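User: I should like to learn how strands, interfaces, cores and unusual backbone geometry are read from a model. Please take me through the features one at a time.

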Amino acid sequence: MTIQETISTEWRLAAFRQMSLIRRYEEHLYLLFLQGLVPGTLHQCQGQEAVAVGICSTLRRDDLIYSTHRPVGHLIAKGASLKAITAEIWGKATGCVGGKGGQMHLADFSVGAMVSNAIVGANIPIATGSAMAFKLQGLDRVAVSFFGDGASNIGAFHEGLNLAAVQNAPVIFVCENNLYAASTRISSTTRITDIADRAQAYGMPGHSIDGMDVEAVYRSALEAVERARQGRGPTLLEYKTYRYRGHSRGDPCGYRGNDEHQSWIDRDPIERLRTRLVADLGVAVDRLATIEQECQREIEAAVEFALASPEPTAASCFEHVFA
Amino acid sequence: MTTTAATSRMSMAEALRDAMRIAMQTDPTVFLLGEDIGVTGGFGGGFTVTLGLSDEFGHERVIDTPISEGAIVGAAVGAAMAGARPVAEMQYGDFVFCAMDQVVNQAAKMHYMSNGQVCVPLVLRLPVGASQRGAQHGQCTESFFTHTPGLKVVCPATPYDAKGMLLAAIRDDNPVIFLEHKLLYGGKGSRKESASVLFGTDVPTDDYEIPLGTVAVRREGTDVTIVANMLMVHRALSAAELLSEQGIEAEVIDVRSLVPLDIKTIEQSVQKTSRLLIVEEDHLTGGWGAEVSALTAERALHYLDAPILRVAAPDTPLPCAASLERVFVPSVERIVSTASSLFAP
């Protein structure tokens, strides 16, 4: 039996629900942002949902993920509390880290989502270290480091991948190659097309995969996760993907062409999965619409919870400097 | 019936090694990582501190890393957040600047950024101190860390403290920057530092901890308080003997912990002596001595009969030549003359 045959309609429906939740959450926040209602900064992941969902669907609750300044998709896919991350974005006491983090630093330790990191590439050696600790303790847990194409050019990438390889650490490096490091196109910073090619230099497997196909992400991740769990070491997985919105709030994407943008929207991971479910597997259109409505209600409840939550106390500014 | 705790004559390097051995024996989550620390047939790190530990605990717990300081500290952060207690070594303290993102943005902040939901119980060992190696292998780097909230910063001056403080640091739930002065290691054989001043003292062989956040009064005196750390403690003690010949009795306080800082004991000493001299090998401007000076002025200004003075390394990079290093590193003579100046009419 091949791995592909194990993908069930139920799995696809769950993936559809999670991707829809991420997409609709991000779009809901974007609309609130346009109305001036979202405090702080905003780095959104519309278009990249398949990577987050495909990867996290292969993980156990006790596996750890280390996300980035663009964390919402990863957190939702790992099962984080939507209310707690929303309250965090609004800087409330009920936020997942009590208002100390904000949009770039989301976490849910109950599901293995560590504090997302806003220093590009920094989580690569950190995830490696967690994986080394699992190995030392004889556990079969794995760690995942998410990062972008831009992070592949910072020193931490080189140091982290090399250390992970030489330590045979149970870690999976997930590069979301959305073609732009903020506004700078990858072709002007990197001479190779596939970041995955770099894996060979570290003596680990590397695969470049369509990041707009959640099933392809799932299959590739399953192999890498099992490899790590069985003690056979790390893998570099590169997913070609695209962020539909700007790098951060107030970025109108003047550096990208409309044709390019449209070509990626034409391959939208959610619509591709919808087509597969409806056309190939006979799932009723209404059933998917119901899922989307349920997502929307969950999102609105989370925002309502955040808005109604109290501000952190002044005293909390001074708490948790030391354990 | 009284019992006498067993002791053994240990150099600081041996005392530190003993601490790591006991920590690894008593806690399976403790492991070491660094460059050249466990290579079979190697030298046990730059200063022999980890010599033999890989034979005893295996290369899985005494991990020789690539020359990747950022990954050494980063991996320690990740391991600490995943339930281990890593002890990471920079071969020379100066190399930590390659890893400062991991120290400052990651290790120091993750407990706070998680709102107390994760701890980062790591120790980062940094050999520091001028030893005729020039500007990139001998800096005292304390103040880079004392300025960063979330880091504990400790700096033992004796083998006894080194062992007890390293055991306490490893078992502490916070990231601890552990500074070790190269001239205090007391290494033996070909790796011995030529200007070493401390070769061994009696150290208990059992498991003991010295609480972090404490200072030690090394010499009691009534006329001037001299606050110093690491090698400077020993120079301050030598200076105190010379001052005594002049009729000045110095109280010497070893600030073996800079964060947390026991300012209360320093304040009480100054209330007694009415004079304060701070001696540090760190640079003058913005050094930890400046903070001790400010705190003392804020808390005990009215007890002072003279200005607070500092003897520190100058605001220049560290030169290499022995003749220049003698100018750079605070000497016994400078301590004596500066202390004496506090009594000028």
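User: In which sense do strand E5 (residues 123–128) of chain B and E7(B) pair, and over how many bridges?

Analyst: The model is a predicted one. In it, E5 and E7 of chain B pair in the parallel sense, over 6 bridges. One of the bridge pairs consists of B:Arg125 and, in E7(B), B:Phe178.

User: How many bridges join strand E6 (residues 152–154) of chain B to E7(B)?

Analyst: These strands run parallel and are joined by 3 bridges. B:Lys152 has B:Val176 as its bridge partner in E7(B). Between E6(B) and E7(B) the chain passes through helix H7 (residues 159–171) of chain B, and this β-α-β crossover is right-handed.

User: How should the two faces of a strand be read, and which residues lie on each side of E7(B)?

Analyst: The general idea is that side chains in a regular strand alternate between the two faces of the sheet. For E7(B), B:Val176, B:Phe178 and B:Glu180 are on one side, while B:Ile177, B:Leu179 and B:His181 are on the other. Both faces are covered, and 6 of the 6 residues in this strand, residues 176–181, are buried.

User: Which residues of helix H4 (residues 100–107) of chain B are buried, and against what do they pack?

Analyst: A helix is read by its turn: an α-helix has 3.6 residues a turn, so residues three or four places apart point the same way. In H4(B) the buried residues are B:Asp101, B:Gln102, B:Val103, B:Gln106 and B:Ala107. Their packing partners are H5 of chain A, together with H3, helix H5 (110–113) and E5 of chain B.

User: How many residues of each chain are in contact with the other chain?

Analyst: The contacts involve 35 residues of chain A and 36 residues of chain B. On the side of chain A that touches chain B, the elements giving two or more residues are helix H5 (123–136) and helix H6 (155–167) of chain A. H5(A) gives the most, with 10 residues. By residue type, this side of chain A divides into 21 nonpolar, 11 polar and 3 charged.

User: Which residues touch the most other members of the largest nonpolar core?

Analyst: They are A:Val144, B:Ile226 and B:Ala339, in a core of 206 residues. Helix H3 (residues 69–81) of chain B contributes the largest share of this core, 9 residues. Beyond its neighbours within four places in sequence, A:Val144 is in contact with residues including A:Ile55, A:Leu59, A:Tyr66, A:Ala127 and A:Ile172.

User: Where is B:Pro260 placed, and what kind of peptide bond joins B:Val259 and B:Pro260?

Analyst: B:Pro260 is in the loop between strand E12 (257–259) and helix H9 (263–273) of chain B. The bond from B:Val259 to B:Pro260 is a cis peptide bond, with omega about -5 degrees.

User: Finally, B:Asn115 and A:Ala182 have positive phi values. Is B:Asn115 buried or exposed?

Analyst: Backbone angle and surroundings are best read together. B:Asn115, which is not a glycine, has phi near 60 degrees and is in the loop between H5 and E5 of chain B. B:Asn115 counts as buried because 24 other C-beta atoms lie within 10 Å, where the cut-off is 20 or more.

User: Where is A:Ala182 placed, and what are its surroundings?

Analyst: A:Ala182 is in the loop between strand E4 (180–181) and strand E5 (184–185) of chain A. Its phi is about 55 degrees, again in a residue that is not a glycine. With 13 other C-beta atoms within 10 Å, A:Ala182 is partly exposed.

Methods: Residues numbered from 1 in each chain as written. Chains lettered and ligands numbered in written order. Predicted model: local features only at pLDDT ≥ 70, side-chain atom pairs only at ≥ 80, totals over all residues. Buried ≥ 20, exposed ≤ 12 C-beta atoms within 10 Å, placed from the backbone. Helix = DSSP H or I, 4+ residues; strand = E, 2+ residues; numbered from the N terminus. Pairing = 2+ DSSP bridges. Right-handed = clockwise from strand over helix to strand, strands pointing away. Contact = placed C-beta atoms within 7 Å. Nonpolar A, V, L, I, M, F, W, Y, C, P; charged D, E, K, R; others polar. Core = buried A, V, L, I, M, F, W, Y, C linked by C-beta atoms within 7 Å.
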